[in-house]
Structures are given as structure tokens and as C-alpha cells.
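Student: Could you take me through a close look at how the two chains of this model sit together? I'd like the cut-offs along the way, please.

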Number of protein chains: 2
Amino acid sequence: MYVTLVYVQVKPEHVDEFREATLENAKESNAEPGNIRFDVLQLKQNPSYFVLYEAYESADDASAHKGTPHYLHWRDKVADWMAAPRQSAVYEGLELANDFWVSDK
Amino acid sequence: MYVTLVYVQVKPEHVDEFREATLENAKESNAEPGNIRFDVLQLKQNPSYFVLYEAYESADDASAHKGTPHYLHWRDKVADWMAAPRQSAVYEGLELANDFWVSDK
């Protein structure tokens with residue numbers, strides 16, 4: 001599982017519309033081939049901070065996301081609502097399936 | 001969805017055993033009532049850094065996790081393997097279900 005955590009700091013006056021646009025994008029991203037999760041998280045301590053939890057089967061699937069019409073639409077739509085450039089980090093999502101335990105020992 | 005992101009920096013010489021113990025804990029946590037996700041992520045740029053993505057239906061479900069035998073076992077087992085105290089942040093995982101769109105407009 002190829003996981004990207006994207007951190008977004010939104011201008012307080014644009015939080016509601018950012019949330020709506022991002023949930024629209026998440027819904028369409030969920031339907032992409034290779035998408036496993038596309039969760040939208042809002043920080044409880046400060047609702048201007050969001051995390052996008054984007055999990056794909058492979059790096060290629062994650063890369064293809066960046067070419068979809070819904071991603072490009074979202075990217076342009078939210079550009080002026082962000083208080084700072086978004087940051088991201090890429091993770092290997094580790095396998096929990098039973099056969100992991102067999103093959104790992 | 002009540003989500004906690006837990007950031008863990010592991011001593012490099014303990015990465016493999018931390019990973020194994022954490023996957024065991026994740027597997028049992030997945031079976032808890034109210035658990036939605038319990039993903040274990042390993043940073044690609046530096047495999048000593050992990051993120052636990054813990055999603056529960058409610059704050060009470062997340063709180064109950066801290067009382068389970070597998071959590072307590074994991075907490076004690078990994079204590080000396082960490083390079084720094086772990087950090088966490090709590091998020092509201094936003095609803096993607098269709099009825100969200102109806103009720104939000």
C-alpha cells in the first residue's frame with residue numbers, strides 16, 4: 001500500500017468551502033483504479049488544518065491520481081484558499097494479511 | 001470517524017522488531033469493536049519513522065483501545081525501542097457517504 005499524507009493549512013475564512021471541495025475530490029478519488037482509501041481529516045484542535053490520507057495499491061496508481069480531471073479541478077479550486085503550501089510525506093503501508101506472518105518468519 | 005495519527009521515531013537497531021510488534025498490535029486492534037482502520041505506515045525516506053493511523057467510530061472506542069491487553073502489551077514492549085516520545089494528533093474523519101451531500105446543502 002503506497003500512502004501519501006498531505007498536510008493542508010487553510011485560511012480560516014475558506015474552511016467550509018475547502019472541506020466541501022475536498023470531500024467531492026475524495027469521493028471521486030475513491031472510485032479510481034488502485035485507490036484503497038482517500039480519507040479527509042480535520043484537526044480537532046484547529047479546524048483550519050486538514051490531512052488527506054491517500055492510499056493506493058502502487059506508486060503508479062498514486063501518480064495517475066495527479067492526472068485525473070477531479071484532482072486537477074480540486075488543485076486549482078483550492079489554490080487560493082490555502083494559508084501555506086501544502087506538505088506531504090510518502091509511506092509504505094504495511095501488510096496486515098495473514099500471509100505476512102508466514103512469509104516474514 | 002475519530003482518528004488519531006501517532007508518530008513514532010524508532011531507534012534504527014530496533015526497527016524490525018518494532019514493526020513486527022506493531023503489526024501484531026494492529027491486527028488485534030482491527031478486531032476491536034468500533035475500529036475502522038488501524039494502518040501501520042513506514043516512512044519511505046527514513047524507515048525509522050512510523051505513523052499509526054487509528055480510526056474508530058467514536059472517542060469512546062478509541063479510549064477503550066488503551067485498556068486492551070494487546071495495547072498494553074505493545075506499549076510496554078516497544079517502550080525502550082523508541083528514540084523519542086511518540087506524538088499524536090486527533091482528527092475528525094469526515095463523512096463521505098452520499099447522505100452527507102444531502103444534509104450539508
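Tutor: Happily! A rotation of 180° with 0.0 Å of shift along its axis superposes chain B on chain A, with an RMSD of 0.0 Å; the fit is by least squares on the C-alpha atoms of residues with pLDDT of at least 70 in both copies. The two copies are thus related as by a two-fold rotation axis. Among the residues of chain B, Y53(B) comes closest to that axis, its C-alpha at 4.6 Å.

A word on conventions: this is a predicted model, where local features need pLDDT of at least 70, side-chain atom pairs count only at pLDDT 80 or more, and totals for chains, interfaces and linings use all residues. Residues are numbered from 1 along each chain as its sequence is written, while chains are lettered from A and ligands numbered from 1 in the order in which they are written.

Now the interface. In chain B, 21 residues are in contact with 22 residues of chain A (C-beta atoms, placed from the backbone, within 7 Å). On chain B, α1 (15-30), β2 (35-43), β3 (49-56) and β4 (87-93) each supply at least two residues of the side that touches chain A; helices (H or I, at least four residues) and strands (E, at least two) are DSSP runs, numbered from the N terminus. As 100% of the interface residues of chain B are also interface residues in chain A, the copies meet through the same surface.

Strands pair across the interface too: β4 of chain A runs antiparallel to β2(B), joined by three bridges (pairing takes at least two DSSP bridges). There, G93(A) has L41(B) as its bridge partner.

Key. Contact = placed C-beta atoms within 7 Å.
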